[in-house]
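Me: I am new to this structure and would like to learn how to read it. Please take the features in turn.

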Amino acid sequence: MHRTRRSSSRLRLVPLLGLLAALLLPLGLTLAPHATAAPAADPVRVMPLGDSITGSPGCWRAVLWNRLVDSGYKNLDFVGTLPPQGCGQAHDGDNEGHGGELVTNVADQNLLPGRLAATRPDIVVMHFGTNDVWSSIAPDRILAAYTKLVAQMRAFNPDMRILVAQLIPMNPSSCAACAQRVVDFNARIPDWARATGTDRSPVTVVDQWTGFSTATDTYDGVHPNASGDAKIAARWFPALAAVLDAGVPQDPGGPGENPAACTARFRAVSSWQGGYQGEVTVTNTSATAVSGWTVTVVPAGGARLGQAWNGSLTTAADGTATVTNAAWNGALAPGASAAFGFVATAPATAGTPAATVTCTAKTPAA
């Protein structure tokens, strides 16, 4: 049998240790066991999410990072699929600030789940929607995109902590109406957050608008300069520090609420002037049993869900609906499906019935 040199030397070491212990015992000395360091806690993973104000290069992230570290928050990891982009000071520059992106496109194209899977954040810091406002997209549609992104965050991590900014002011020379559009959109965010936040996954609104000047804090009426970066970081800092001080669960799921995978599919059963009947099918796509599910329904065209069956319905102020399983249809074996129906009212101009649906599920307690 082949014996390696390493195994042979280990065998010779054992009697030597025994002999040394025997020599030390009469002197009242013993060999102390080697101390083993406790495993270090995983760093808290923070995703800065947004457009070019967050990236390209988004130097407020550098200012925020260094203020956090200087204040004693050492066990942090800023995460994102985009690499650092300069800023002239050492910092953790990973981020999810894609220049030119619209939050409505990210939601419509389901771009966020892949980014979440690649980076596994515990906290999302989001300043997103500037390009949507510039493009004159209605606040209802932007907030519906926010709601879908939050649902996707919670599908990935039910304990996600979410910080959402009221956007910094905007006054580009090519968009005279943009300044007021930002004001109008920001006014809607607090009510949306109150309707969307939960005890387990709170949504915190951070006012980035007040005290920010497009004349002195941007270089083009939109993107922050060094003064603007300092102001943005100063607003994020206390909100993020409060979340870190409160503690962030890093193992998604808890007793009876471990995350599982599911999908939701919408279809219009019938429609009429001013409304339609819809149906959503929920399918367990994981390899384990599901003990319950929740579906978020964002109806298109200003429609509103009025009643539902085979599920429990709650509706937010912006029209986003949440349907949780009934007592008899929450348990799903791998590959099994359940369905619920609803009736929606819709404006005469709404067009063909449509809705964006996302699903989260839980597995039985171990």
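The dialogue below goes from the whole chain to a helix, a helix pair, a pocket and a residue.

Me: What kind of model is this, and how are residues numbered?
Reply: This is a predicted model, in which local features need pLDDT of at least 70 and side-chain atom pairs count only at pLDDT 80 or more, while totals for chains, interfaces and linings use all residues. Residues are numbered from 1 along each chain as its sequence is written, and side-chain values use heavy atoms, with hydrogens and water left out.

Me: How many helices and strands does the protein chain have?
Reply: Helices (H or I, at least four residues) and strands (E, at least two) are DSSP runs, numbered from the N terminus. Here the protein chain has 9 helices and 15 strands.

Me: Which residues of helix H2 are buried?
Reply: Buried means under 20% relative accessible area, exposed over 50%, and partly exposed in between, with a 1.4 Å probe and protein chains only. Of the 366 residues of the chain, 45% count as buried. In H2 (residues 60–70) the buried ones are Trp60, Arg61, Ala62, Leu64, Trp65, Leu68 and Val69. Their cover includes strands E1 (44–50), E2 (76–78) and E4 (123–127) and helix H9 (226–246), where contact means heavy atoms within 4.5 Å.

Me: At what angle do H4 and H6 pack?
Reply: Axes are lines fitted to C-alpha atoms, for helices over the stretch in contact, and angles run from 0 to 180 degrees between N-to-C directions. Helix H4 (residues 112–119) packs against helix H6 (residues 139–156) at about 35 degrees, and their axes are 10 Å apart. Leu112, Pro113, Leu116 and Ala117 of H4 meet Leu149, Gln152, Met153 and Phe156 of H6.

Me: How is empty space found, and which element gives the most to the lining of the second largest pocket?
Reply: Rolling a probe the size of a water molecule over the atoms shows where empty space is left. On a 1 Å grid over the protein atoms alone, a cavity is a set of points where a 1.4 Å probe fits but cannot get out, and a pocket is an open set with protein on both sides within 12 Å along at least five of seven lines; lining residues have an atom within 4 Å of a point. H6 gives the most to this lining, with 5 residues.

Me: Where is serine 337, and what does serine 337 touch?
Reply: Serine 337 is in strand E14 (residues 337–345). Because its relative accessibility is 42%, serine 337 counts as partly exposed. Not counting residues up to four places away in sequence, serine 337 touches Thr281, Val282, Thr283 and Leu332.
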